[in-house]
Amino acid sequence: MKEKFTTAAHAIAMAAPGVGANGKFRLGAILVYKNTVVSVGMNSYKTHPLMATRTSWPFLHAEQHAIIRAGLDNCEGLDLYIARVRKNNDLAMSKPCRVCMKLIEDVSIKNVYYSTNTENFIEAPTPQN
Ligand SMILES: [Zn+2]
């Protein structure tokens with residue numbers, strides 16, 4: 001986990017439009033290869049046909065957005081950083097949901113790091129690591 005990428009994910013989350021009641025959920029995600037950001041994503045009310053095949057709630061989550069933008073075939077071995085922010089821009093829990101975790105596994109992302117309520121990022125277990 002690299003601090004510059006947790007910082008970048010935090011910044012993306014702050015810029016996200018926000019979904020849910022009062023825009024409560026602002027999430028950002030970045031995909032990293034070695035030392036380079038290859039894709040970014042935000043939570044939104046956009047829908048995507050890929051997600052309609054996976055869930056009855058096809059609005060894009062930040063992780064999904066970043067993965068789709070990178071290309072599903074281009075994610076193998078990448079690291080994913082996810083951040084959620086509260087209204088005051090403090091970090092909050094952003095553990096990937098079941099649908100996102102399945103997608104993360106399917107595209108063979110290597111390491112997943114997400115923000116928590118304690119201002120720290122932690123690593124999610126994936127089959128790749
Ligand atoms: Zn999700």
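Colleague: What comes right after α3, and what is its phi like?

Modeller: That's G71, and its phi is positive, near 100°. Bear in mind that this is a predicted model.

Colleague: And α3 itself, how do I read whether a helix is enclosed or not?

Modeller: Count its buried residues. A residue is buried if 20 or more other C-beta atoms lie within 10 Å of its own. In α3, seven of the nine residues pass, so the helix is largely enclosed by the rest of the structure. They are A62, E63, Q64, H65, A66, I67 and A70.

Colleague: Which elements do those buried residues pack against?

Modeller: Quite a list: β1 (26–33), β2 (36–42), α2 (49–52), β3 and α4 (98–106).

Colleague: Let's move on to C75. Where is it found?

Modeller: In the loop between α3 (62–70) and β3 (79–85).

Colleague: Is C75 buried or exposed, and why?

Modeller: Same counting idea. C75 has 23 C-beta neighbours inside 10 Å, so it counts as buried.

Colleague: Which residues does C75 touch, leaving out those up to four places away in sequence?

Modeller: L31, I67, A70, V107, S108 and I109. Two of those names, I67 and A70, also turn up among the buried residues of α3. You can check a C-alpha distance too: C75 and S39 are 36 residues apart along the chain, and their C-alpha atoms are separated by 9.8 Å.

Colleague: Now strands. How does β3 run relative to β5, parallel or antiparallel?

Modeller: For strand pairs, look at the bridges and the direction. β3 and β5 run parallel and are joined by four bridges; one example is I82, whose bridge partner in β5 is Y114.

Colleague: What about β5 and β6?

Modeller: Those run antiparallel, again with four bridges, β6 being residues 121–124. Y113 has E123 as its bridge partner there. The two strands form a hairpin with five residues between them, and E119 in the turn has a positive phi of about 70°.

Colleague: Why is β5 described as largely enclosed?

Modeller: Because four of its five residues (111–115) are buried.

Colleague: Zooming out, how many helices and strands are there in the protein?

Modeller: Four helices and six strands, in the order α-β-β-α-α-β-β-α-β-β along the sequence. The radius of gyration is 13 Å, close to the 14 Å that the globule rule gives for 129 residues, so the protein is as compact as a globular protein of that length.

Colleague: What share of the residues is buried?

Modeller: Buried residues make up 40% of the 129.

Conventions
Residues numbered from 1 in each chain as written. Predicted model: local features only at pLDDT ≥ 70, side-chain atom pairs only at ≥ 80, totals over all residues. Buried ≥ 20, exposed ≤ 12 C-beta atoms within 10 Å, placed from the backbone. Contact = placed C-beta atoms within 7 Å. Pairing = 2+ DSSP bridges. Rg over C-alpha atoms; globule rule 2.2 N^0.38 Å.
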